[in-house]
Amino acid sequence: QVQLVESGGGLVQAGGSLRLSCAASGSISRINTMGWYRQAPGKQRELVADITSGSRTNYTDSVKGRFTISRDNAKNTVYLQMNSLKPEDTDLYYCNAEVRTYDGIYSLYWGQGTQVTVSS
(Lines give C-alpha, C1' and ligand atoms only; values in the text may rest on other atoms or scores of the structure.)
Protein backbone atom coordinates (compact mmCIF):
# COMPACT_ATOMS: atom_id res chain seq x y z
CA GLN A 1 0.00 0.00 0.00
CA VAL A 2 1.05 3.56 -0.71
CA GLN A 3 -0.13 6.72 1.03
CA LEU A 4 0.25 10.33 -0.07
CA VAL A 5 -0.11 12.96 2.64
CA GLU A 6 -0.41 16.62 1.72
CA SER A 7 0.23 19.63 3.91
CA GLY A 8 0.70 23.37 3.63
CA GLY A 9 -2.69 24.61 2.51
CA GLY A 10 -4.46 27.50 4.18
CA LEU A 11 -5.86 31.00 3.88
CA VAL A 12 -3.74 33.76 2.36
CA GLN A 13 -4.34 37.22 0.98
CA ALA A 14 -4.01 37.92 -2.72
CA GLY A 15 -0.37 38.40 -3.64
CA GLY A 16 0.79 36.11 -0.88
CA SER A 17 2.55 32.76 -0.99
CA LEU A 18 2.02 29.21 0.18
CA ARG A 19 4.11 26.07 -0.10
CA LEU A 20 2.40 22.72 -0.44
CA SER A 21 4.13 19.44 0.38
CA CYS A 22 3.15 15.88 -0.43
CA ALA A 23 5.01 12.93 1.06
CA ALA A 24 4.62 9.41 -0.27
CA SER A 25 5.16 6.40 1.96
CA GLY A 26 4.60 2.66 1.92
CA SER A 27 5.76 -0.15 -0.34
CA ILE A 28 7.52 2.12 -2.83
CA SER A 29 10.07 0.74 -5.24
CA ARG A 30 10.13 3.71 -7.59
CA ILE A 31 8.16 6.91 -8.24
CA ASN A 32 7.85 8.24 -11.78
CA THR A 33 5.87 11.41 -12.37
CA MET A 34 4.48 13.36 -9.41
CA GLY A 35 1.96 16.11 -9.85
CA TRP A 36 -0.39 18.64 -8.34
CA TYR A 37 -4.00 19.01 -9.43
CA ARG A 38 -6.81 21.27 -8.25
CA GLN A 39 -10.55 21.04 -8.25
CA ALA A 40 -13.31 23.51 -7.54
CA PRO A 41 -16.79 22.34 -6.48
CA GLY A 42 -18.74 21.10 -9.47
CA LYS A 43 -15.75 21.26 -11.79
CA GLN A 44 -13.32 18.72 -13.18
CA ARG A 45 -9.97 18.19 -11.55
CA GLU A 46 -7.28 19.96 -13.57
CA LEU A 47 -3.52 19.65 -13.75
CA VAL A 48 -1.57 22.45 -12.11
CA ALA A 49 1.96 21.11 -12.58
CA ASP A 50 3.86 17.87 -12.75
CA ILE A 51 7.47 16.75 -12.56
CA THR A 52 9.17 13.61 -13.86
CA SER A 53 11.70 11.54 -11.99
CA GLY A 54 14.35 13.39 -13.99
CA SER A 55 12.91 16.75 -12.81
CA ARG A 56 11.39 17.78 -16.12
CA THR A 57 8.47 20.08 -15.29
CA ASN A 58 5.18 20.99 -16.89
CA TYR A 59 2.77 23.77 -15.87
CA THR A 60 -0.69 24.84 -16.82
CA ASP A 61 -0.60 28.27 -18.47
CA SER A 62 -2.42 30.10 -15.68
CA VAL A 63 0.32 29.38 -13.11
CA LYS A 64 3.45 29.75 -15.23
CA GLY A 65 5.86 32.23 -13.67
CA ARG A 66 4.05 32.10 -10.31
CA PHE A 67 4.20 28.45 -9.20
CA THR A 68 7.22 26.18 -8.98
CA ILE A 69 7.07 22.41 -8.62
CA SER A 70 10.03 20.48 -7.22
CA ARG A 71 10.73 17.11 -5.66
CA ASP A 72 13.09 15.43 -3.24
CA ASN A 73 13.53 11.87 -4.46
CA ALA A 74 15.31 10.78 -1.27
CA LYS A 75 12.23 11.80 0.72
CA ASN A 76 9.62 10.73 -1.87
CA THR A 77 8.20 14.23 -1.56
CA VAL A 78 6.89 16.74 -4.07
CA TYR A 79 6.47 20.45 -3.38
CA LEU A 80 4.49 23.27 -4.94
CA GLN A 81 5.71 26.78 -4.20
CA MET A 82 2.87 29.18 -4.99
CA ASN A 83 3.67 32.89 -5.25
CA SER A 84 1.61 35.90 -6.31
CA LEU A 85 -1.54 34.02 -5.42
CA LYS A 86 -4.83 35.18 -6.90
CA PRO A 87 -8.42 34.60 -5.70
CA GLU A 88 -8.96 32.36 -8.72
CA ASP A 89 -6.30 30.00 -7.33
CA THR A 90 -8.74 29.08 -4.56
CA ASP A 91 -9.37 25.34 -4.83
CA LEU A 92 -8.82 21.98 -3.24
CA TYR A 93 -5.34 20.86 -4.25
CA TYR A 94 -4.44 17.19 -4.68
CA CYS A 95 -1.11 15.55 -5.29
CA ASN A 96 -0.63 12.34 -7.20
CA ALA A 97 2.21 9.99 -7.96
CA GLU A 98 2.83 7.15 -10.36
CA VAL A 99 4.36 4.52 -8.10
CA ARG A 100 5.91 1.14 -8.72
CA THR A 101 5.46 -1.02 -5.66
CA TYR A 102 7.71 -3.90 -4.65
CA ASP A 103 5.54 -6.37 -6.58
CA GLY A 104 6.50 -4.55 -9.79
CA ILE A 105 3.07 -3.05 -10.44
CA TYR A 106 2.67 0.62 -11.41
CA SER A 107 -0.38 2.45 -10.03
CA LEU A 108 -1.53 6.05 -9.71
CA TYR A 109 -2.09 7.22 -6.15
CA TRP A 110 -3.79 10.37 -4.86
CA GLY A 111 -3.58 12.38 -1.68
CA GLN A 112 -6.61 13.43 0.32
CA GLY A 113 -6.46 17.07 -0.76
CA THR A 114 -5.52 20.31 0.94
CA GLN A 115 -7.58 23.50 0.74
CA VAL A 116 -6.05 26.70 -0.59
CA THR A 117 -8.11 29.85 -0.14
CA VAL A 118 -6.97 33.22 -1.47
CA SER A 119 -8.86 36.28 -0.27
CA SER A 120 -9.10 39.46 -2.32
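**Exercise 1.** Which residues does Tyr 93 touch, not counting residues up to four places away in sequence?

*Solution.* The model is predicted: local features need pLDDT of at least 70, side-chain atom pairs count only at pLDDT 80 or more, and totals for chains, interfaces and linings use all residues. Residues are numbered from 1 along each chain as its sequence is written, and side-chain values use heavy atoms, with hydrogens and water left out. Take contact as heavy atoms within 4.5 Å. The partners of Tyr 93 are then Glu 6, Leu 20, Trp 36, Tyr 37, Arg 38, Val 48, Phe 67, Leu 80, Met 82, Gly 113, Thr 114 and Val 116.

Next, place Tyr 93 in the largest nonpolar core (buried Ala, Val, Leu, Ile, Met, Phe, Trp, Tyr and Cys residues joined through side-chain atoms within 4.5 Å). That core has 29 residues, and Tyr 93 is listed with Trp 36, Leu 80 and Met 82 as having the most contacts inside it. Elements giving two or more residues to this core include β1 (2-7) and β9 (91-101); strands are DSSP E runs of at least two residues, numbered from the N terminus.

**Exercise 2.** Is Asp 89 buried or exposed?

*Solution.* Buried means under 20% relative accessible area, exposed over 50%, partly exposed in between (1.4 Å probe, protein chains only). Asp 89 has 1%, so Asp 89 is buried. Asp 89 lies in the loop between β8 and β9, and its contacts include Arg 38, Phe 67 and Val 118.

**Exercise 3.** Which side chains of β1 point to one face and are buried?

*Solution.* Val 2, Leu 4 and Glu 6 do, while Gln 3, Val 5 and Ser 7 point to the other face and are not buried. In β3, Leu 4 has Ala 24 as its bridge partner.

How values were computed
Helix = DSSP H or I, 4+ residues; strand = E, 2+ residues; numbered from the N terminus. Pairing = 2+ DSSP bridges.
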